[in-house]
Amino acid sequence: MEQAAGWTQSYGRSNATRGLEPRMHVAQKNHHGLNVPSSSPHLSLASIVLALFFAHMKFLPRNFFRPLASLSFLLAPLSAAVIGTNPPCLPLSVERLAALPSAEQTAWRDYLARSKALSAADEKFYTDELKVQSLTKPLVPTRGRSLPLKNPDMWYTTAEARRAADITVSFQTPAGGWNKNTSFTDHLRRPGERSGYENGYIGTFDNDATITPLSFLAKVIAATDATT
């Protein structure tokens, strides 16, 4: 089992460089100033009259409909308004870097250049594998959850844990990162197979990716060293 290395330099297509769709948040308030769902119903005047009428019928308790009548006054007609939006996250670009103070631009330009170079190396690695394997599209790994990090220490010395560690290392991207929502307990990565279940990602820190695989490998290595 090889130890992961080089992941801190870059992780290819960073989520930080990808735009996010704006989202609209809508809130509604009743006449008491309380937030309520936009689909909350309110009772009509006819409903209130019927409730009071049935409350005086002898086959029902007198107080049966009293809470319902009170609720109808709380649920007055509602109004909705846009209270804010999430602006899209702009991608990191040369144009944005030009707006920074001169003293800060060099480090960011170097980072952007390394990121693009590592992303291109990742793309070339997978493209070359497809050609060697005579595949027209990449194989897709199994979708899965995150690796276990809270098992007893002795579990990380088991054959099951070591197998998961080997599989995890096999799915490490050339740039050093890992994908998300991918099973690292099903099978070793096959030539021509994507490094992650979701298309469009190479390496990311999102949703337990990269950090969790590294933490898992560290636990396996530490547990193995402690027993040898």
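Student: Hi! Where does Asn 181 lie in this one?

Tutor: Asn 181 sits in the loop between α5 and α6. Keep in mind that we are looking at a predicted model.

Student: Sure. What's the phi of Asn 181 like?

Tutor: Asn 181 has a positive phi of about 55°, even though Asn 181 is not a glycine.

Student: And is Asn 181 buried, partly exposed or exposed?

Tutor: Partly exposed, because its relative accessibility is 21% and the buried class covers values under 20%.

Student: What about Thr 210, where is that found and what's its phi?

Tutor: Thr 210 is found in the loop between α5 and α6. Its phi is near 65°, a positive value in a residue other than glycine. Thr 210 counts as buried, with a relative accessibility of 1%.

Student: Let's stay in that loop. Which residues does Asn 179 touch, leaving aside neighbours within four places in sequence?

Tutor: With those neighbours left out, Asn 179 is in contact with Phe 184, Ser 195, Gly 196, Glu 198, Tyr 201, Ile 202, Thr 204 and Ala 209. Asn 179 itself is placed in the loop between α5 and α6.

Student: Buried or exposed, that Asn 179?

Tutor: Asn 179 is buried, with a relative accessible area of 2%.

Student: And how far apart are the C-alpha atoms of Asn 179 and Asn 207?

Tutor: They are separated by 9.0 Å, with the two residues 28 apart along the chain.

Student: OK, new topic: charges. How many salt bridges does the count come to?

Tutor: The count comes to 4 salt bridges. As background, oppositely charged side chains can pair when their charged atoms come close.

Student: Which residue does Asp 206 pair with?

Tutor: Asp 206 forms a salt bridge with Lys 180, and the closest N and O atoms are 2.6 Å apart. This pair links distant parts of the chain: Asp 206 and Lys 180 are 26 residues apart, and both are in the loop between α5 (159–170) and α6 (211–226).

Student: How accessible are Asp 206 and Lys 180?

Tutor: Asp 206 is partly exposed, with a relative accessible area of 27%. Lys 180, on the other hand, counts as buried at 7%.

Student: Nice. What does Arg 190 meet in a salt bridge?

Tutor: The side chain of Arg 190 meets that of Glu 193, at 3.0 Å from N to O. Arg 190 is partly exposed at 35% relative accessible area, while Glu 193 counts as buried at 0% relative accessibility.

Student: Give me one from a helix. Where do Asp 128 and Lys 124 lie?

Tutor: Both lie in helix α4 (residues 102–132), 4 residues apart, which is about one turn of the helix. Their side chains meet in a salt bridge of 2.8 Å, N to O. Lys 124 counts as exposed at 53% relative accessibility, whereas Asp 128 is partly exposed at 31%.

Student: While we're in α4, what does Arg 109 touch, not counting residues up to four places away?

Tutor: Arg 109, which has its place in helix α4, touches Val 94, Leu 97 and Ala 98 on that count. Taking one of those, the C-alpha atoms of Arg 109 and Val 94 are separated by 7.5 Å, and the residues are 15 apart along the chain. Arg 109 is partly exposed, with a relative accessible area of 35%.

Student: Now helix packing. At what angle do α5 and α6 cross?

Tutor: Their axes cross at roughly 135° and come within 10 Å. α5 and α6 are therefore oblique to each other, and their crossing is left-handed.

Student: Which residues make the contact?

Tutor: α5 brings Ala 161, Arg 162, Ala 164, Ala 165, Thr 168 and Val 169, and α6 brings Pro 213, Phe 216, Leu 217, Val 220 and Thr 224.

Student: How do the residues of that contact divide by type?

Tutor: They divide into 8 nonpolar, 2 polar and 1 charged.

Student: Last bit, the overall picture. How many helices and strands are there, and in what order do the elements run?

Tutor: There are 6 helices and 3 strands, running β-β-α-α-β-α-α-α-α from the N terminus on.

Student: And what share of the residues is buried?

Tutor: Buried residues make up 30% of the 228 in the chain. As for contacts between residues at least 6 apart in sequence, 71% join residues at least 24 apart.

Methods
Residues are numbered from 1 along each chain as its sequence is written. This is a predicted model: local features need pLDDT of at least 70, side-chain atom pairs count only at pLDDT 80 or more; totals for chains, interfaces and linings use all residues. Side-chain values use heavy atoms; hydrogens and water are left out. Helices (H or I, at least four residues) and strands (E, at least two) are DSSP runs, numbered from the N terminus. Buried means under 20% relative accessible area, exposed over 50%, partly exposed in between (1.4 Å probe, protein chains only). Axes are lines fitted to C-alpha atoms, for helices over the stretch in contact, and angles run from 0 to 180 degrees between N-to-C directions. Angles under 35 degrees count as roughly parallel, over 145 as roughly antiparallel, 65 to 115 as roughly perpendicular and the rest as oblique. A crossing is left-handed if the near helix is turned anticlockwise from the far one by less than a right angle, and right-handed if clockwise. Contact means heavy atoms within 4.5 Å. Ala, Val, Leu, Ile, Met, Phe, Trp, Tyr, Cys and Pro count as nonpolar, Asp, Glu, Lys and Arg as charged, and the others, Gly among them, as polar.
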